[in-house]
Amino acid sequence: MRETERLGRIPAYVFAELERKLAEKKAAGVDVISLGIGDPDTPTFPHIVEAMQRAVADPSTHQYPSNRGRKEFREAVAAFYAKRFGVELDPETQVMPAIGGKECIYHLNFAFLDEGDVALAADPGYPVYTGGPLLAGAEPVLMPLVPERGFVPDLSAIPEGKLDRARLMFLNYPNNPTGAVAPDGFFGEAIAFGREHDVLVVHDNAYSELTFDGYVAPSFLAEPGAMDAGVEVFSLSKAYNMTGWRCGAIVGNADAIAHYWKLKTNVDSGLFEAVQVAGAEALNAKQDPVKGMAQTYARRRDLVIGALREIGIDIEPPKGTIYVWAPVPEGHTSASFAEEVLEQAGVVVSPGSSYGPNGEGFFRISLTVPDERLTEAVERMRGSLA
Ligand SMILES: Cc1ncc(COP(=O)(O)O)c(C=O)c1O
C-alpha cells in the first residue's frame, strides 16, 4: 500500500508512538505510569452526563446535525463568552460547533491554505499546527518559542520570503506544551501583525479555564480588533473532562467561520446534537467543578515541581494548562531522557522534540493521573535519576 506524499511528509502522530511504546512495556509486565498524553483522569461532571442522558433519549437529537449547530449550543457559547471573557458574539454568525479543537484546527488549514501558502506555527506546538498545513499541501513555517522570550514568538523574525505567502498563524495561550501564558500586549501585537500581512490569526483556546495562582486567562477575542483579525477555537475537552465527547466551538470572525462551515458541509456532518445539548449544559451551569479541577492540577503541578527540584531541575511553576515543561538533565537529549525514564522508572514522559525542533532539550509531564500515581511516578523518577 502506498500512502500519499503528503502523508509521508508527516511523522506518526506523537501520541500514537507513545501509545505503542506503552503497550510494549505493559505486555512485558511493567507497571507503566503514563505522564504522556493530556487526557483528564477524572470523569465528566455528573450534571453534564445527566444532560447527555436526557438528550440521547430525545429523538430530536438523532438525525444528522446541521453543521451550523443547534441554537441552544450557539447561544450557550455566546453567553459563556460574554460572562467569562466580556466578549460579545452573535450566535447566528460568530459561533459554530466543532468536533473538538483538533478537527477544527485541521480543517481550517483546508479552508484557508492553497498549495504553496504558508501557515505560521508555534514551535514547540500542538502537532496539528504543522501536520495540518502539510496535509493541505501548504508549508508550515515555525515560530520558535524559547524560554528567554517567555515562550512567545518574535513576530518580527518571520522571514520576508515566507511572510508574503503566510495565510494563517496558530497561537495557543495558556500554551501546550510549555504552560506559558500570554503576556500583556501580545495578542494586540498578533492582531496588528495579522491585519498588516493579511494573515488569519487562529487562537487555540484549549486551556483558558485551567489556570493557577489567581491568574485568569483572557480570550484572544477580548483584544480590540481581534474580531477582524481572527478566530478562537474553544474546546470543552480539558476543562470539563470531556475529551472523549469531541465538543468544541469556533468563535470570532464571521467570514472565516462561514468558510469553515462551507468546508465542513463538504467533509463531515457536524457535532452529534446530544453532545451539543450536553456542551450547552457544561457552559451554562455553575463553573465550580472546573475551578475544583484547576485546584487539583495546581496541587499536582506543585508535587511535580518539588520532585523535579530534588533531582536538580528547577523551573518556574506554570500558571496554566495541565502540563509541566522542563529541561532535560545535562548530557541528555529529549529522546534519550524519555527513553531512560521509561526504561529505568517505567514512566512515560513526552520528549519535547516531538513538539518541534525548539522542544529539543525539554520534556513534558502531563498532570492527568491520580495524585497517588503521580506521586509514585515522581518517586520512581527520583529513585532512578537522583
Ligand atoms: C493546544 C491544544 N489544542 C487543541 C487540542 C485538542 O483538543 P480537542 O480535544 O478539543 O480536540 C489539544 C489537546 O491536547 C491541545 O493541547
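# Strands, a cavity and a ligand site

Visitor: Hello! Which residue in E12 stands opposite Ser-350?

Guide: Welcome! The model here is predicted. E11 covers residues 350-351, and two bridges join E11 to strand E12, residues 362-366, in an antiparallel pair. In E12, the residue opposite Ser-350 is Arg-364.

Visitor: Which strands stand at the edges of the open sheet, and why is one side of each left without a neighbour?

Guide: Let's lay the sheet out. Three antiparallel strands form an open sheet in the order E9-E12-E11. Each edge strand has a single partner strand, so one side of each lacks a neighbour in the sheet; these edge strands are E9 (323-327) and E11 (350-351).

Visitor: Now to another strand pair: how many bridges join E3 to E4?

Guide: As background, strands of a sheet pair through backbone hydrogen bonds, in parallel or antiparallel fashion. E3 spans residues 118-123 and E4 spans residues 139-144, and the two run parallel. One bridge pairs Ala-119 with Pro-140 in E4. The number of bridges joining E3 to E4 is six.

Visitor: What is the handedness of the β-α-β unit that E3 and E4 make with helix H6?

Guide: E3 and E4 are parallel strands. Helix H6, residues 128-135, makes up the unit together with E3 and E4. The handedness of this β-α-β unit is right-handed.

Visitor: I'd like to look inside. How much space lies in the largest cavity?

Guide: Rolling a probe the size of a water molecule over the atoms shows where empty space is left. Over the whole structure, the search finds one cavity of 30 Å³ or more. The space in the largest cavity is about 30 Å³.

Visitor: Which helix gives the most to the lining of the largest cavity?

Guide: The lining residues are Ala-307, Leu-308, Ile-311, Val-378, Met-381 and Arg-382. By class, five are nonpolar, none is polar and one is charged. Helix H12 (288-310) and helix H14 (371-385) each supply at least two of the lining residues. With three residues, the helix that gives the most is H14.

Visitor: On to the ligand: which residue has a polar side-chain atom 2.6 Å from an oxygen atom of the ligand?

Guide: In total, 15 residues surround the ligand, and the closest are Asp-204, Tyr-207, Ser-237, Lys-238 and Arg-246. A polar backbone atom of Lys-102 is 2.8 Å from a ligand oxygen atom, while Ser-235 places a polar side-chain atom 2.7 Å from a ligand oxygen. At 2.6 Å, the residue with a polar side-chain atom is Ser-237.

Visitor: There are some backbone details I'd like to place. Where is Pro-177 found?

Guide: Most peptide bonds are trans. Here a cis peptide bond joins Asn-176 and Pro-177, with omega about 15 degrees. Another cis bond joins Tyr-173 and Pro-174, with omega about -10 degrees, and Pro-174 is in the loop between strand E5 (166-171) and helix H8 (186-197). Pro-177 is found in the loop between E5 and H8.

Visitor: One last angle: what is phi of Asp-198?

Guide: Most residues other than glycine have a negative phi. Asp-198 is in the loop between H8 and strand E6 (200-205). The phi of Asp-198 is positive, with a value near 55 degrees.

Methods. Residues are numbered from 1 along each chain as its sequence is written. This is a predicted model: local features need pLDDT of at least 70, side-chain atom pairs count only at pLDDT 80 or more; totals for chains, interfaces and linings use all residues. Side-chain values use heavy atoms; hydrogens and water are left out. Two strands pair if DSSP finds at least two bridges between them. Helices (H or I, at least four residues) and strands (E, at least two) are DSSP runs, numbered from the N terminus. A crossover is right-handed if, with the strands pointing away from the viewer, the path from the first strand over the helix to the second runs clockwise. On a 1 Å grid over the protein atoms alone, a cavity is a set of points where a 1.4 Å probe fits but cannot get out, and a pocket is an open set with protein on both sides within 12 Å along at least five of seven lines; lining residues have an atom within 4 Å of a point. Grid points are joined across faces, edges and corners, and a volume is the space filled by probe spheres set on the points. Ala, Val, Leu, Ile, Met, Phe, Trp, Tyr, Cys and Pro count as nonpolar, Asp, Glu, Lys and Arg as charged, and the others, Gly among them, as polar. A residue is near a molecule or strand if one of its heavy atoms lies within 4 Å of it. A polar contact is a pair of N or O atoms within 3.5 Å; within protein, one must be able to donate a hydrogen and the other to accept it, and residues adjacent in sequence count only if both atoms are side-chain atoms.
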